[in-house]
Amino acid sequence: MKTDTAKITTKKSKTKKIDRVESSLKESSRDLSLFKFKSGAVVALVLIVVFGLLNSLFEGKAVAKLPFQPITLVMKMSHRGLSGTDSTDCSMAFLYFLCSISIRTNLQKFLGFSPPRGSAAGAGFLPLPDPKTN
């Protein structure tokens, strides 16, 4: 009889601990998503301001020469706002786009806005199994 009562109280205390840990995890997850939203907004604002500044400085000027003849869709993007027929000329907007998609994650890491890799472990396409449940 005593062992049954001890097992029940142990089971209840474990259940309470699990509930506390899960609620703490939910709160931490909410805080992390708010932090990611704020950091994304700051980075987006910085990139928009820089784009506006560079666009006003280099409007209508070719800033680079592409080493290849781009396909039609890419040529429309790379030659946006430029006069002339040389399709290897590259506008500032296209170069900025290429740089922003390649630099964005590094900028977030440098400014300290990106969370650690382990925090997004369950968010991937194939999440890792929880070792505690095995």
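This report describes the fold, the third helix, the salt bridges and two residues around strand β1 in a predicted model.

## Overall architecture

The protein chain has 134 residues, of which 15% count as buried. Three helices and two strands make up its regular elements, and they follow one another from the N terminus in the order α-β-α-β-α. Among contacts in the protein chain with a separation of 6 or more, 53% are between residues 24 or more positions apart.

The predictor's confidence can be summarised briefly. The protein chain has a mean pLDDT of 80, with 81% of its residues reaching 70 or more. Of the elements, strand β2 (residues 89–90) has the highest mean pLDDT, at 91, while α3 has the lowest, at 80.

## The annotated segment

An unreviewed UniProt entry places the feature "transmembrane region" at residues 39–58. In the model, residues 39–58 are 95% helix and 0% strand. The C-alpha atoms at the two ends of this span are 28 Å apart.

## Helix α3

Helix α3 covers residues 92–111. Its end C-alpha atoms are only 25 Å apart, whereas a straight helix of 20 residues would span 28 Å at 1.5 Å a residue. The helix also has a bend of about 45° at Ile103.

Several residues of α3 are buried, namely Met92, Ala93, Phe94, Tyr96, Ser100 and Gln108. After the helix comes Gly112, which has a positive phi near 80°.

## Salt bridges

The structure contains three salt bridges. The table gives the separation of the closest N and O atoms in each pair.

| Salt bridge | Closest N and O atoms |
|---|---|
| Asp31 and Arg30 | 3.9 Å |
| Asp86 and Lys65 | 2.2 Å |
| Lys65 and Asp89 | 3.0 Å |

In the pair formed by Asp31 and Arg30, Asp31 counts as partly exposed because its relative accessibility is 40%, between the limits of 20% and 50%. Arg30 has a relative accessibility of 53% and therefore counts as exposed, the cut-off being over 50%.

The other pairs share Lys65: this residue is linked with Asp86 and Asp89 in a network of salt bridges. Which parts of the chain does the salt bridge between Asp86 and Lys65 tie together? Asp86 forms a salt bridge with Lys65. Asp86 is in the loop between α2 (72–78) and β2, and Lys65 is in strand β1 (residues 64–65), so this pair ties together parts 21 residues apart in sequence. The salt bridge of Lys65 with Asp89 has its closest N and O atoms 3.0 Å apart. Because Lys65 belongs to strand β1 and Asp89 to strand β2, the pair ties together parts 24 residues apart in sequence.

The members of this network vary in their accessibility. Lys65 is exposed, with a relative accessible area of 53%. Asp86 is partly exposed, at 30% relative accessible area. Asp89 has a relative accessibility of 15%, which means that this residue counts as buried, the cut-off being under 20%.

## Ala64 and Val63

Ala64 lies in strand β1 and counts as partly exposed, with a relative accessibility of 24%. Leaving out residues up to four places away in sequence, Ala64 touches Thr88, Asp89, Cys90 and Leu95. Asp89 thus appears again, having been described above as the salt-bridge partner of Lys65. Between Ala64 and Met92 the C-alpha to C-alpha distance is 8.0 Å, although these residues are 28 residues apart in sequence. Met92 is one of the buried residues of α3.

Val63 is in the loop between α1 (2–57) and β1. At 31% relative accessibility, Val63 counts as partly exposed. Which residues is Val63 in contact with, leaving aside its neighbours within four places in sequence? Val63 is in contact with Phe58, Cys90, Ser91, Met92 and Leu95. Leu95 is 32 residues from Val63 in sequence, and their C-alpha atoms are 8.1 Å apart in space.

Key. Residues are numbered from 1 along each chain as its sequence is written. This is a predicted model: local features need pLDDT of at least 70, side-chain atom pairs count only at pLDDT 80 or more; totals for chains, interfaces and linings use all residues. Side-chain values use heavy atoms; hydrogens and water are left out. UniProt positions are given in the numbering used here, feature names are shortened, and annotations may be inferred rather than shown by experiment. Helices (H or I, at least four residues) and strands (E, at least two) are DSSP runs, numbered from the N terminus. The expected span of a helix is 1.5 Å times one less than its number of residues. The bend at a residue is the angle between axes fitted to the seven residues ending there and the seven starting there. Buried means under 20% relative accessible area, exposed over 50%, partly exposed in between (1.4 Å probe, protein chains only). pLDDT is the predictor's confidence in each residue, from 0 to 100. A salt bridge is a side-chain nitrogen of Lys or Arg within 4 Å of a carboxyl oxygen of Asp or Glu. Contact means heavy atoms within 4.5 Å.
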